[in-house]
Amino acid sequence: MSNFPVMQIRADFPILADKIRDRPLVYLDNAASCQKPQVVIDTLTHVYAHEYANIHRGVHTLSMRATERFEAAREIARGFLNAESVKEIIFVRGATEAINLVAQSYARPLLQPGDEILITAMEHHANIVPWQMVCQQTGAALKVAPMNLQGELILEAFYPLLTPKVKLLALSHMSNALGTINPVKPLIAAAHALNIPVLVDGAQAAPHLAVDVQDLDCEFYVFSGHKVYGPSGVGVLYGKQAWLEAMPPYQGGGDMIRKVSFSGTEYAGLPHKFEAGTPAIAEVIGLGAAIQYVQGVGLAAIAAHEADLLAYATELARGIPELRIIGEAAHKGGILSFTLHKIHPHDIGTLLDNLGIAVRAGHHCAMPVMEFFCVPATARASFAMYNTHQEVDYLMNGVKSLIKVFA
Ligand code: PLP
């Protein structure tokens with residue numbers, strides 16, 4: 001047993017003390033969204049109670065105070081990703097909006113018929129549909145790098161797909177449906193050898209792995225606040241400054257302008273050029289608090305704890321003959337997707353809920369992954385820093401009890 005302070009961490013998350021159907025909540029749906037520590041809840045309350053005003057425009061004290069806290073959160077997010085400059089941190093609604101921004105602002109003006117966008121077979125819909133849309137708009141083609149039955153990218157098939165026709169490689173750092181962690185650094189280097197820029201979808205990786213965008217050298221990195229223990233409605237697009245400078249704004253409106261007249265508009269500099277309209281002010285500040293909380297625990301310790309939970313859960317799962325694990329990559333994050341013989345995943349989800357255990361059941365916004373594994377859906381347990389070995393026991397005992405009922 002490690003000395004990871006899981007019980008101390010649990011005490012920071014008030015919802016974990018709640019009961020569901022008269023049973024202790026076992027929250028294993030973290031890949032969909034994480035629960036919030038008290039410090040994030042307190043930050044939101046405090047901002048709304050004492051520090052709230054619109055930002056960037058006011059000369060009054062509250063507006064200046066809110067602006068200061070908002071921009072301080074940008075610095076925290078910069079540090080979290082080790083970006084070179086706060087100009088490279090764009091606050092958006094989440095990973096989905098960040099990818100759409102890059103699709104429409106970087107790819108759309110550039111793509112021509114015959115060009116290609118390369119993604120992988122394990123992407124979330126958020127990293128598929130925006131590219132399909134931009135391909136439809138421009139006549140470019142979407143190419144998909146295949147995976148094997150373990151849920152790993154097939155590298156011998158991936159590399160030949162990197163050709164000069166590819167104008168962007170967009171891939172997940174960690175798959176939400178399978179847990180696979182992709183070897184993004186060498187893949188980015190291979191893309192760069194052909195001058196292909198890379199977008200990394202870090203929605204699943206950012207809460208669980210230390211990310212250093214300068215070390216990865218990717219052009220774009222995206223993540224969502226609600227998956228890093230922060231509020232919903234806020235996320236981050238990291239982009240290398242030179243790339244963001246060269247891109248036109250995504251949306252027009254307030255805050256992204258320097259000067260407006262009816263004959264034309266001069267845009268603001270980075271990062272504001274991409275932040276049209278009033279942002280999610282309190283939520284951005286709350287995200288700053290969430291990131292600081294995660295940093296306080298330490299991503300290396302979180303990753304080790306979650307790896308431990310995954311190893312334990314996988315070992316127990318392998319001992320259940322009726323259970324099929326979907327996604328057995330050698331390098332995986334804390335996600336256990338599975339199906340059970342004779343029980344539909346939606347029934348697994350509902351029946352486990354009767355025991356107070358929250359897992360996700362469905363296609364996990366990754367329908368092509370379900371198709372690849374020839375399953376309609378999976379049940380998915382996904383671990384966070386506050387989960388315990390005892391909760392894994394509850395899950396697996398719950399699964400065994402379902403199997404008995406359906407035998
Ligand atoms: N990418 C991956 C890998 C995800 O898991 C998710 C959400 O589950 C997203 C993108 C989209 O994130 P959001 O819905 O927060 O925009």
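Here is a short briefing on the ligand site, the salt bridges and two backbone features of this structure. Keep in mind that the model is predicted. The ligand occupies the largest pocket, and the protein buries 85% of the 390 Å² that the ligand exposes when taken alone. Elsewhere, the whole structure holds 16 salt bridges, and the backbone has a cis peptide bond from Leu-270 to Pro-271.

**The ligand and its surroundings**

- The shell around the ligand is made up of three nonpolar, seven polar and two charged residues.
- Going along the chain, you meet Gly-94, Ala-95 and Thr-96, then His-124 and Ala-126, and then Asn-176 in this shell.
- Further on come Asp-201, Ala-203 and Gln-204, followed by Ser-224, His-226 and Lys-227.

**Polar contacts to the ligand**

- Asp-201 places a polar side-chain atom 2.5 Å from a nitrogen atom of the ligand.
- His-226 has a polar side-chain atom 2.7 Å from a ligand oxygen atom.
- Lys-227 also takes part, with an N or O atom of its side chain 2.6 Å from an oxygen atom of the ligand.

**A salt bridge between distant parts of the chain**

- Among the 16 salt bridges found in the whole structure is one between the side chains of Asp-29 and Arg-380, with an N to O distance of 3.7 Å.
- These two partners are 351 residues apart, so to speak of the pair is to speak of a link between distant parts of the chain.
- Asp-29 belongs to the loop between β3 (26-27) and α2 (38-51), while Arg-380 belongs to strand β17 (residues 378-382).

**Backbone features worth a look**

- Most residues other than glycine have a negative phi, and most peptide bonds are trans.
- Against that background, the peptide bond from Leu-270 to Pro-271 is cis, and its omega is near 0°.
- You will find Pro-271 in the loop that runs between β12 (264-267) and α10 (281-297).
- Asp-217 is a residue other than glycine with a positive phi, near 70°.
- Look for Asp-217 in the loop between α8 (213-216) and β9 (220-224).

Definitions and conventions. Residues numbered from 1 in each chain as written. Predicted model: local features only at pLDDT ≥ 70, side-chain atom pairs only at ≥ 80, totals over all residues. Heavy atoms only, no water. Near = heavy atom within 4 Å. Polar contact = N/O pair within 3.5 Å; in protein donor to acceptor, adjacent residues only side chain to side chain. Areas by Shrake-Rupley, 256 points an atom, 1.4 Å probe, with all protein chains shown as cover. 1 Å grid on protein atoms, 1.4 Å probe; cavity = no way out; pocket = protein on both sides within 12 Å on 5 of 7 lines; lining within 4 Å. Sits in = over half its atoms within 2 Å of the grid points. Nonpolar A, V, L, I, M, F, W, Y, C, P; charged D, E, K, R; others polar. Salt bridge = Lys/Arg side-chain N within 4 Å of Asp/Glu carboxyl O. Helix = DSSP H or I, 4+ residues; strand = E, 2+ residues; numbered from the N terminus.
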